Amino acid sequence: MIEDLFFLEKQAYRDSFLHRLDTRVKILVSFAVIIAIVAVPYSPVVYIAAGILFLFFLALWAISRISPVVYLKRLLAIVPVWGLIILFQIFIKNRYFTEYHVIALLPLGVSIYAESIQFACILGVKFLVSISFIILLSVTTKTQDLLQGASRLGLPAEFALALAMMIRYLFVFGYIYRKVNEALATRCFHPLDWRLPYRYRIRQLGYAIGTLFLRSYEQGERVYTSMCCRGYGKHSHLVFDKRPLSAGEWAFLSVSLSITLGAVIIAFLMA
Amino acid sequence: MHIPDSFMPLTQGLVYWAIALVFIGLSLRWARKDMSEDRIPIVAVLAAGIFALQSFNLPVSMGTSGHLVGGALAAIVLGSPFAAVFILTLVLIVQGVIFGDGGITTMGANIINMGVIGGFVGFYSFKGLMRATGNMNIACFSAAWLACFIPALAAAVEMFLAGTFPLREGLIAMGVYHALIGIIEGFVTVVAIRLIMTARPDIMKLAVPAGQGVGA
């Protein structure tokens, strides 16, 4: 995940209408879509709402001028974990259906139900829409801009300060993680190398984890001291200016929220 | 253990958010009172470190995902369960908003599981075990194991209430996975705390009375 941070930040430094759009608008639109798709009940009406919202996502992705490969890469990084969990739904009965029809009997008394497959699809579709908008938000917004946008939306100052430091340290952590890994690799050390004594591997792994933490802390402490020297401090969040949204940004926000609300209303009307 | 969006109805997500906000408010009070200028780096590095620890995920068939939690580590190092709530909230915001790991509507539930339950179980079991055994390693290991295992069971119960997974199978799957992952969590917590105490004792504010910590 640390490596993904560098990848996401690289995409966020590109230029497009979406990249330049105020972060508050992007956060509000993404969260509105997620809340809307989650609010739709676990029933086939979700396909209509999800279809409209996914088309909206595709349009926004096209505007962002980022390669679809980036989306697929991010999706591949996230979906295997959750995809597998969603897949397990096909073996489970849940409270959302009253009748279940077995379509396949497997060994050890495991069955696959038609209704469970339908539920897994509903869950998968909802998840895909939610995660797509999170991917869009993260590839079009720099982490520091996200923080600034969240602060302007009312994120408490203590969280904003700690998040700002955490995001800086994540990159520090990432670089030191790479260095520690390289140092271990050049010494041909691998924690799963069964030829090495068990106690030795545990000790080395313990040292590596501890060193990673301490080196990151000391590097972070130096970074923070130098930031303090330049006037940064516990109350630096106060310098965020209260920039009003432009007419174009208001228009984009209104249209996006209308599409989101419209998708849910159409889904219910067509059900 | 991260519950993603769509795995829980919106109404339930809002209830968990409301409960989580109470604890987030209390953790903010801790931050205003105890997070002095010189403690900001350790809070941020712990958040970054816990983020890194949690990034190694395994899917759990009848639950969500299996990974280390870090709630006990944060609470023990900073000497307050509210520190764990504060730090885990930061971690979950970054994971949810940037990486799509854990949802937005389910973030309240995730904060309750990992921050509140993980932090409080980790902190108070550490304190209790330090008093009972006087052994730092045993107290840290057990506290970290419990702070990994119990939130996993809480997540399984929430998923059952959400109607997405059956209770018994969910508890077994999440419990077994996290009972094993908890051993790694215990080991990492002991090593991290030992190293901090040896190399940089100044950054450690132990949650036990003087004489029962380092000297144990």
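Start in the loop between α8 and α9 of chain A, where A:Cys188 has its place. In this predicted model, A:Cys188 shows a positive phi of about 55° although the residue is not a glycine. Colour its surroundings and count the neighbours: A:Cys188 is exposed, because only 8 other C-beta atoms lie within 10 Å, and a residue counts as exposed at 12 or fewer.

For a second residue with a positive phi, select B:Ser6, which lies in the segment before α1 of chain B. Its phi is near 85°, again a positive value in a residue other than glycine. Is B:Ser6 buried or exposed? With 32 C-beta neighbours inside 10 Å, B:Ser6 counts as buried, since the cut-off for burial is 20 or more.

Move on along chain B to helix α1(B), which covers residues 10–34. At 1.5 Å a residue, its 25 residues should span 36 Å, and the C-alpha atoms at its two ends are 35 Å apart, which agrees. Now select B:Gly13, B:Tyr16, B:Ala20, B:Phe23, B:Ile24, B:Ser27 and B:Ala31, which are buried in this helix. An α-helix has 3.6 residues a turn, so residues three or four places apart point the same way. Against what do the buried residues of α1(B) pack? Their partners come from both chains: α3 (23–39) and α8 (157–186) of chain A, together with α4 and α5 (107–133) of chain B.

Zoom out until the whole of chain B is in view. Its secondary structure comes to seven helices and two strands, and along the sequence these follow the pattern α-α-β-β-α-α-α-α-α. Of the 216 residues in chain B, 66% count as buried. If you draw the contacts in chain B between residues at least 6 apart in sequence, 75% of them join residues at least 24 apart.

Next, show both chains and select the contact between them, which takes 48 residues from chain B and 55 residues from chain A. On the side of chain B that touches chain A, the elements giving two or more residues are α1 (10–34), α2 (40–54), α4 (81–99) and α7 (167–199). Of these, α2(B) gives the most, with 11 residues. Coloured by residue type, this side of chain B divides into 31 nonpolar, 13 polar and four charged residues.

A good place to look at the two chains together is A:Gly220, in helix α9 (residues 198–229) of chain A. A:Gly220 is buried, with 23 other C-beta atoms within 10 Å. Leaving aside neighbours within four places in sequence, A:Gly220 is in contact with A:Tyr169 and A:Val172 as well as with B:Pro41, B:Ala44 and B:Val45. Add A:Met165 to the selection: A:Gly220 and A:Met165 are 55 residues apart in sequence, yet their C-alpha atoms are 8.6 Å apart in space.

Now display the largest nonpolar core, which has 158 residues. Those with the most contacts inside this core are A:Ala162, A:Met166, B:Ala47, B:Ala74, B:Ile87 and B:Leu90. Helix α6 (residues 136–162) of chain B gives the most to the core, with 19 residues, and at least three residues are drawn from each of domain 1 and domain 2 of chain A. Centre the view on B:Ile87, which, apart from neighbours within four places in sequence, is in contact with B:Val43, B:Leu46, B:Ala47, B:Ile50 and B:Ala74.

Return to chain A and colour it by domain, with domain 1 taking 2–152 + 243–270 and domain 2 taking 157–239. The centres of these domains, taken over C-alpha atoms, are separated by 32 Å. Their contact takes seven residues from domain 1 and 10 residues from domain 2. On the side of domain 1 that touches domain 2, the elements giving two or more residues are α1 (2–12) and α7 (143–152) of chain A, and α7(A) gives the most, with four residues. That side of domain 1 divides into four nonpolar, three polar and no charged residues.

End the tour at the strands of chain A, selecting β1 (residues 102–105) and β2 (residues 111–113), which run antiparallel and are joined by three bridges. Which residue of β2(A) is the bridge partner of A:Leu105? The partner is A:Ser111. The two strands form a hairpin with five residues between them, and in the turn A:Leu108 has a positive phi of about 65°.

Definitions and conventions: Residues are numbered from 1 along each chain as its sequence is written. Chains are lettered from A and ligands numbered from 1 in the order in which they are written. This is a predicted model: local features need pLDDT of at least 70, side-chain atom pairs count only at pLDDT 80 or more; totals for chains, interfaces and linings use all residues. Two residues are in contact if their C-beta atoms, placed from the backbone, lie within 7 Å. Ala, Val, Leu, Ile, Met, Phe, Trp, Tyr, Cys and Pro count as nonpolar, Asp, Glu, Lys and Arg as charged, and the others, Gly among them, as polar. The expected span of a helix is 1.5 Å times one less than its number of residues. Two strands pair if DSSP finds at least two bridges between them. Domain bounds come from an automatic or database domain assignment. A nonpolar core is a set of buried Ala, Val, Leu, Ile, Met, Phe, Trp, Tyr and Cys residues joined through C-beta atoms within 7 Å.
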